[in-house]
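User: I am in my first year and would like a close look at a single part of this protein. Please pick one strand, and explain what surrounds it.

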Amino acid sequence: LIIVFRLESIKDIREIASRLAKLDPMIRVFGFADRIDYEKIPPSFFKLPYLIIYLCNPPTGNDAQLSNTLAVKKISKIEEYEHFKTHNIPCLPIEPFEWGMTLNQEIYGDWVVLKPQNIQSTGRDVNMIPTQLVSTMRPIDFPENHLIHQDAYFVQKFIKTGVRPTHYRVGIFIDSVIYSSKTILHSDYPSVADTLSDRLTKTIAANLVSNRFVYLLKDFEINEFAMKVAKTFPSHPMFGVDVLKEEETGRLFALETNLGGNTWHFSSEVGSVYRRDLGGREKLIEQYSAWDQVATALVRKMNGLAN
């Protein structure tokens, strides 16, 4: 087994390798920070059943041709949406926003969400807009510091997810849930009486870092749905599946899967605020005994290959 990881996660990988060795001493583990150093791998390695897992820096060139490889890989929201539709995963219509565009209300309903295409980690400047007003909006309508002046945007169908905007995050490694949480925005949805200017100053992203309540939650229905989503990406090892639950119907929708490798929240720099808000690193690990879950999933995968 070869695992490629970010240097910041080296302690985690050592803990997992230790547990894996106890579960199955026949499996030899090589860990590399950022890139594989093939000089450190015996030539006989690739004559045995093997698995390479990239938790960062997906393979390129000849490395990408190796079989038995699971790798993180960022995909666009539009590619992800098309993937959901192809695999019959409930999801919300989305497309790139363009000035002057007209949306079909039969598809998008009465309200849509405007959100950045690239600057997304903080939840800032995600706005709820009446569908019929989208075609009339102009750059001058937006505050000077709004992200729409710095980034391309998407427009996506809106659903109400609770008294306040709410979403779920399920961390999955191969075929095991390793953490799960629920996030609720402290602020209410924009009022029907609000002007366009008012709406463009109010974010409805539940993950707005400075204005949210996030806590660990085990919800079997949410986890099962997230696992169903993850299984449609068999060549990816790690997911942060974001799930929305419609308040009126209870229906679940896949929002995104975060396939790019930024969801190893136990030690990642990008996950530091999320980790802190959930009560710290140990709380996150303990929720599902994450190291045991990962080690067991790896043994199961390796034995499947060997057989």
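Analyst: What follows is a close look at strand β9 and the parts around it, in a predicted model.

First, the setting. The protein has 307 residues, and its secondary structure comes to 8 helices and 13 strands. The C-alpha trace spans about 70 × 40 × 35 Å along the principal axes. A compact globule with this number of residues would have a radius of gyration near 19 Å, and the 21 Å of the protein agrees with that. Buried residues make up 51% of the chain. Of the contacts between residues at least 6 apart in sequence, 69% join residues at least 24 apart.

Now the strand. β9 covers residues 166-173. A residue counts as buried when its relative accessible area is under 20%. By that rule 8 of the 8 residues of β9 are buried, so the strand is largely enclosed by the rest of the structure. Both faces are covered. One side carries Thr 166, Tyr 168, Val 170 and Ile 172, while His 167, Arg 169, Gly 171 and Phe 173 are on the other.

Next come the partner strands. In general, strands of a sheet pair through backbone hydrogen bonds, either parallel or antiparallel. β9 pairs with β10 in the antiparallel sense, over 8 bridges. In this pairing Thr 166 stands opposite Ile 184. β9 and β10 form a hairpin with 2 residues between the strands, and Ile 174 in that hairpin takes a positive phi near 55°. β9 also pairs with β12, again in the antiparallel sense, over 6 bridges. Here Tyr 168 stands opposite Val 243.

A helix belongs to the picture as well. Helix α5 spans residues 220-230, and its buried residues are Ile 222, Asn 223, Phe 225, Ala 226, Met 227, Val 229 and Ala 230. What covers them includes β9, along with α2, β10, β12 and β13. An α-helix has 3.6 residues a turn, so residues three or four places apart point the same way. Among the buried residues of α5 are Ile 222, Phe 225 and Val 229. At the start of α5, a side-chain oxygen of Asp 219 reaches to within 3.1 Å of the backbone nitrogen of Glu 221.

Residues of β9 also take part in nonpolar cores. Nonpolar side chains tend to be buried together in soluble globular proteins. The largest nonpolar core here has 32 residues, and Phe 173 is one of those that touch the most other members, a group that also includes Leu 1, Ile 53, Trp 264 and Leu 298. The elements that give two or more residues to this core are β1, α1, β10, α7 and α8. Of these, α8 gives the most, with 8 residues. A second, separate core of 24 residues includes Val 170, Val 241, Val 243 and Ala 254. Phe 173 is in the largest core, and Val 170 belongs to the second.

Ile 53 shows what meets at the end of β9. Leaving out residues up to four places away in sequence, Ile 53 touches Phe 173 and Ile 174. Its other contacts are Leu 1, Ile 2, Ile 3, Val 4, Leu 70, Pro 237 and Leu 298.

Helix α2, which helps to cover the buried residues of α5, leads on to another sheet. This is an open sheet of 4 strands in the order β5-β8-β6-β7, with antiparallel pairing. β5 and β7 stand at its edges, each with a single partner strand, so one side of each is left without a neighbour in the sheet. Neighbouring strands are turned by 30° against each other on average, direction ignored. α2 packs on this sheet and touches β5 and β8, and its direction makes about 150° with that of β5.

To sum up, β9 has both faces covered, pairs with β10 and with β12, and is among the elements that cover the buried residues of α5.

Technical notes
Residues numbered from 1 in each chain as written. Predicted model: local features only at pLDDT ≥ 70, side-chain atom pairs only at ≥ 80, totals over all residues. Heavy atoms only, no water. Core = buried A, V, L, I, M, F, W, Y, C linked by side-chain atoms within 4.5 Å. Buried < 20%, exposed > 50% of the residue type's maximum accessible area, 1.4 Å probe, protein only. Contact = heavy atoms within 4.5 Å. Pairing = 2+ DSSP bridges. Axes fitted to C-alpha atoms, helices over the stretch in contact; angles between N-to-C directions. Rg over C-alpha atoms; globule rule 2.2 N^0.38 Å. Polar contact = N/O pair within 3.5 Å; in protein donor to acceptor, adjacent residues only side chain to side chain.
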